[in-house]
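Please open the model in your viewer and keep the sequence beside it. The tour below goes from one selection to the next and says what is found at each stop.

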Amino acid sequence: MPLSEFELIARYFRDQPVEREDVVQGIGDDCAEVTIADGHEMLVDVSCFAEGGHFQAGDDPAGIGHRALAYALTRLAACGAEPAWLTLALTLPRVDEQWLRDFSGGLLRLAQRHRVALVGGDTTRGPLTVGLQLHGLLPMGSAVPANGARPGDLLYIIGPLGAAGLAVLSLAGELQLPIQQRQDVLEWLYHPEPPVAAAAALRGLAHGACPLADGLAQSLAGFLDNAGVGATVQVQRLPLSPAVEASFDQAGGWNLPLHGQDPCGLCIAVPAERQAEWEQRLAAHGLMGRWVGIVEPRPGLRCVLDDGTEI
């Protein structure tokens, strides 16, 4: 006999390892109820992942759950918010208990690491789709804007770049990788590490930040356009993953780090006069960030080699 919606939720999502005092009512009621500490505000990120676009039919379910939450955590970190609560909308073509067991495991293990409580959601029947609504908290008025980059700001990348894109090329059979390199890039594709600690480092210092899930060139171009500025990026300073460096020419050269997906990459605009303070914050939060360019008044994104050649 197939599971009902309530049995499915009870079996795979209700018993989670995260308990937060600010959750008054979580899974099991019609609406979740949470409290917000005085002097704080809430940011909400909504993301949707569909089979055939964001993941493929044969992908590891645990990796789908992990990657979806990692992507949302990265977007929230770019705003300077600490993650708190999560709701999940899951559309399933059928009830596959093994898939649900693995998917919920991948999602909830990452949630536990970052004290994110799953407080509610919904399930329905249809093409396989994962919808997440991630809520975060931060001190009132301290959100990092998406349009705050200013001429003279330094651009920093929290990477590394290219590993996920390299994994996609490998899965598509477009290049052959040594066994260990293939395992490494597949791990980064399915279980990327979100830079959650960046939220605290950004607040009160960065002028703006943007996730790089759509690729560095497209994501950064939109970020700059939103602020009415441009930038020059020194591509030879980009923090490439070791696997990308080892397969650089075979994987298409600069095309991969500039245009390949990076679900947990971040670009941050930092005032030049506070560069030393910013690098101290990076170190204090255990983050690896690299200066790669400068924001300019002239619109557009220019990617150049060290000798000035534009690519």
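Two strands are taken to pair if DSSP finds at least two bridges between them, and helices (H or I, at least four residues) and strands (E, at least two) are DSSP runs numbered from the N terminus. This is a predicted model, in which local features need pLDDT of at least 70 and side-chain atom pairs count only at pLDDT 80 or more, while totals for chains, interfaces and linings use all residues. Residues are numbered from 1 along each chain as its sequence is written, and side-chain values use heavy atoms, with hydrogens and water left out.

**The whole chain**

Begin with everything selected: the chain has 10 helices and 12 strands, and its C-alpha atoms fill a box of roughly 65 × 50 × 30 Å along the principal axes. The radius of gyration, taken over C-alpha atoms, is compared with a globule rule of 2.2 Å times the number of residues to the power 0.38; for 311 residues a compact globule would have a value near 19 Å, and the 20 Å of the chain agrees with this. If you colour by burial, where buried means under 20% relative accessible area, exposed over 50% and partly exposed in between (1.4 Å probe, protein chains only), buried residues make up 53% of the 311 residues. Contact here means heavy atoms within 4.5 Å, and of the contacts in the chain with a separation of 6 or more, 85% are accounted for by residues 24 or more positions apart.

**The four-stranded sheet**

Next select β3, β6, β4 and β5, which in that order form an open sheet of four strands with mixed pairing. The edge strands are β3 (40-50) and β5, each of which pairs on one side only. Angles run from 0 to 180 degrees between N-to-C directions, with axes fitted to C-alpha atoms, for helices over the stretch in contact; with direction ignored, neighbouring strands of this sheet are turned by 15° against each other on average. Within the sheet, β4 and β6 run antiparallel and are joined by nine bridges, and a convenient pair to display is L88, which stands opposite L132 in β6. Adding α1 shows a helix that packs on the sheet, touching β4 and β5, with its direction at about 140° to that of β5.

**Helix α3**

Now add α3 (residues 97-113), which lies across β4, β5 and β6 and runs at about 165° to β4. This helix has 17 residues and reaches 24 Å from its first C-alpha to its last, close to the 24 Å expected at 1.5 Å a residue, the expected span being 1.5 Å times one less than the number of residues. Its buried residues include W99, L100, F103, L107, L108 and L110, and the buried residues of α3 pack against α1 (5-14), α2, β4 (82-92), β5 (117-125) and β6 (129-139).

What does R113 touch, leaving aside its neighbours within four places in sequence? R113, which is found in helix α3, is in contact with H66 and E193. The residue is partly exposed, with a relative accessible area of 47%, and its C-alpha atom is separated by 9.0 Å from that of V18, 95 residues apart along the chain.

**The six-stranded sheet**

Move on to the open sheet of six strands, whose order is β8-β10-β7-β11-β9-β12 with mixed pairing. Here β8 (208-211) and β12 (300-304) stand at the edges with a single partner strand each, so one side of each is left without a neighbour in the sheet. Neighbouring strands of this sheet are turned by 25° against each other on average, direction ignored. Helix α2 (residues 61-78) packs on the sheet and touches β8 and β10 (266-270), its direction making about 170° with that of β8, while helix α7 (residues 216-227) lies across β7, β8, β9, β10, β11 and β12 at about 145° to β8.

Centre the view on β10: five of its five residues are buried, so this strand is largely enclosed by the rest of the structure. Both faces are covered, with L266, I268 and V270 buried on one side and C267 and A269 on the other. Select A269 with two partners: L155 stands opposite A269, in an antiparallel pairing of β7 and β10 joined by five bridges, and G208 also stands opposite A269, where β8 and β10 pair in the antiparallel sense over four bridges.

Finish at β9 (residues 230-234), which runs parallel to β12 and is joined to that strand by five bridges; V233 stands opposite C303 in β12.
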